[in-house]
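Subject: Structure handover

Hello,

Here is the structure we discussed, passed on for your own work. My notes on it follow below.

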Amino acid sequence: MRLSFRARRAAQLALTANALHPLHGTHWGFPSFVTGWLTSELAPHLLALTLTDTAAHLALRGTRQADRAGLAAAALSVAGLGSLITSAQRARGVVEQALADALGPDYTGMLRPPPSPSDLATPWGQLVLPFRVRHPDVRTDRDIAYFQGGKRFLLDIHRPRQPGSGRPVLLQVHGGAWVSGNKAQQGMPLMLHMAARGWVCVAINYPLSPTARWPQHIVAAKRALAWVRKSIGDYGGDPSFVAATGGSAGGHLAALLALTPNDAAFQPGFEDADTHVQACVPHYGVYDFAATSGARASQDRLRYLLARYVVGTDPRLSLDDYVAASPLDRITPSAPPFFVIHGEHDTLVPVREAREFVRRLRDVSAQPVAYAEIPGAQHAFDLFPSIRSAHVVRGVQRFLDWVHAHRDGGR
């Protein structure tokens with residue numbers, strides 16, 4: 001049954017209002033995320049749809065008394081969607097300021113080539129079809145086994161079509177609350193962008209809970225990293241430079257990779273493998289795995305998700321296991337350069353968790369720690385190309401290119 005004009009406009013207004021001011025909390029966080037994330041990142045498309053629908057309705061029916069509520073809702077939606085678009089555009093300045101603060105105001109002087117105006121502009125042509133995830137300059141090698149055990153131990157490699165060697169490597173770890181997700185579903189805008197610019201990008205699967213129990217997830221990620229060290233040269237990559245990235249649970253695993261190099265507890269049977277990474281860019285990651293900060297959201301996640309489905313033990317009896325898995329509690333002065341990215345409106349992993357992680361990391365790390373709190377962004381804002389994710393992707397590229405150039409300059 002087709003919804004009336006008033007119902008369509010009222011529904012859009014409700015979605016827009018939630019994107020602007022999302023509901024938080026254990027019960028509201030997930031539905032608020034799903035609707036707010038899509039509305040925020042598709043705001044230009046929804047604005048065009050709202051204007052088209054309203055214009056078509058007026059052309060067919062004219063202005064009637066019964067339509068006043070619908071027209072008012074349409075006007076409010078247009079204003080709200082315009083505000084969302086403006087907020088998304090602010091990501092460019094926030095990301096650039098974060099990089100300048102951490103790397104120095106003249107950091108772009110080390111980038112070859114330096115960013116051009118087109119690199120910093122919104123790529124409107126790419127955003128017209130946001131779910132078209134491919135790039136003509138990138139080739140993909142799929143379903144390569146990095147360990148025996150089936151599809152959860154497979155990886156994909158995205159690399160430039162042009163032959164080459166010695167290229168820096170980006171290791172992407174998908175999210176999904178440690179219980180879901182797939183290597184082909186997340187991180188694609190970033191990997192395609194980086195691969196088109198000369199990087200070799202590796203996206204991995206890993207065992208999922210509740211079938212798999214912690215620490216099988218991080219052990220698999222380290223096995224994948226060990227495979228990269230051994231075999232990525234066959235695909236044009238440089239095994240001496242690997243950066244880790246990922247979102248949500250993948251952000252947790254990427255951060256833990258960076259903070260626990262060569263930890264024998266997470267490398268059973270391959271203790272001698274080098275599992276250092278040279279940089280880390282976690283997106284909206286989970287850092288307080290053990291809830292040692294005392295934050296309510298961290299305690300709820302520990303009680304209702306981690307203890308029940310992921311780790312499977314009572315944290316009151318095995319707290320050390322949770323602490324060992326918590327990036328917030330594994331920070332050391334030897335941490336590699338970090339660029340921590342989190343959404344201002346994240347209702348699944350509250351932004352204060354990222355702030356505390358960055359504060360502690362900056363207190364002790366000898367390397368740069370950049371932090372960008374993205375205006376108006378929900379959880380998983382970068383799953384497909386959008387205004388906001390495009391500016392973040394390009395900022396991540398500048399950060400990783402700087403770290404790679406700085407490493408080579410240091411040599």
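I start with S248, which lies in the loop between β5 (237–247) and α9. Please keep in mind throughout that this is a predicted model.

Backbone geometry

The phi of S248 is near 60°, a positive value in a residue that is not glycine. With a relative accessibility of 13%, S248 counts as buried, because the cut-off for that class is under 20%. A second residue with a positive phi, of about 60°, is A380, which is not a glycine either. A380 sits in the loop between β8 (369–374) and α13 (387–410). At 7% relative accessibility, A380 also counts as buried.

Two cis peptide bonds belong under this heading. One runs from R112 to P113, with omega near 0°, and P113 is found in the loop between α4 and α5 (117–120). The other runs from W214 to P215, with omega near 15°. P215 is placed in the loop between β4 (200–204) and α8 (216–231).

Nonpolar cores

W214 comes up again here. The largest nonpolar core has 62 residues, and W214, F338 and F357 are the ones that touch the most other members. Helix α9 (residues 249–259) supplies the largest share of this core, 8 residues. Separate from it is a second core of 52 residues, which includes A91, A195, F339 and A377.

What does W214 contact, leaving aside its neighbours within four places in sequence? The partners are W178, H252, L253, L256, F266, F289, V310, V311 and A325.

Two buried positions

V340 lies in strand β7 (residues 338–343). Its relative accessible area is 0%, so V340 is buried. Not counting residues up to four places away in sequence, V340 touches P282, Y287, A354, F357, V358, A370, Y371 and A372. For one of these, Y371, the separation from V340 is 31 residues in sequence and 4.8 Å in space, C-alpha to C-alpha.

L302 is part of helix α10 (residues 296–310). L302 is buried as well, at a relative accessible area of 11%. Apart from neighbours within four places in sequence, L302 is in contact with F289, A290, A291, A307, P315 and Y322. F289 is also listed among the contacts of W214. If you want a long distance for reference, L302 and P160 are 41 Å apart in space, C-alpha to C-alpha, and 142 residues apart in sequence.

The N-terminal helices

Helix α1 has 16 residues, which at 1.5 Å a residue should span 22 Å; the end C-alpha atoms are 23 Å apart, in agreement with that. The buried residues of α1 are F5, R8, R9, Q12, T16, N18 and A19. They pack against α2, α3 (43–61) and α4 (68–103).

Helix α2 has 13 residues and reaches 18 Å from its first C-alpha to its last, close to the 18 Å expected at 1.5 Å a residue. Within α2, the residues G29, S32, F33, G36, W37, T39, S40 and E41 are buried.

How do α1 and α2 pack, and at what angle? Helix α1 (residues 5–20) and helix α2 (residues 29–41) meet at an angle of about 95°, with their axes 8 Å apart. The two helices are therefore roughly perpendicular to each other, since angles of 65 to 115 degrees fall in that class. On the α1 side the contact is made by Q12, L15, T16, N18 and A19, and on the α2 side by S32, T35, G36, T39 and S40. By class, this contact of α1 with α2 has 2 nonpolar, 8 polar and no charged residues.

The axes of α2 and α3 come within 4 Å and cross at roughly 80°. These two helices are therefore also roughly perpendicular to each other. T39, S40 and E41 in α2 meet A43, P44 and L46 in α3. The residues of the contact of α2 with α3 divide into 3 nonpolar, 2 polar and 1 charged. T39 and S40 thus appear in the contact of α2 with α1 and in the contact of α2 with α3.

Regards

Definitions and conventions. Residues are numbered from 1 along each chain as its sequence is written. This is a predicted model: local features need pLDDT of at least 70, side-chain atom pairs count only at pLDDT 80 or more; totals for chains, interfaces and linings use all residues. Side-chain values use heavy atoms; hydrogens and water are left out. A nonpolar core is a set of buried Ala, Val, Leu, Ile, Met, Phe, Trp, Tyr and Cys residues joined through side-chain atoms within 4.5 Å. Buried means under 20% relative accessible area, exposed over 50%, partly exposed in between (1.4 Å probe, protein chains only). Contact means heavy atoms within 4.5 Å. Axes are lines fitted to C-alpha atoms, for helices over the stretch in contact, and angles run from 0 to 180 degrees between N-to-C directions. Angles under 35 degrees count as roughly parallel, over 145 as roughly antiparallel, 65 to 115 as roughly perpendicular and the rest as oblique. Ala, Val, Leu, Ile, Met, Phe, Trp, Tyr, Cys and Pro count as nonpolar, Asp, Glu, Lys and Arg as charged, and the others, Gly among them, as polar. The expected span of a helix is 1.5 Å times one less than its number of residues.
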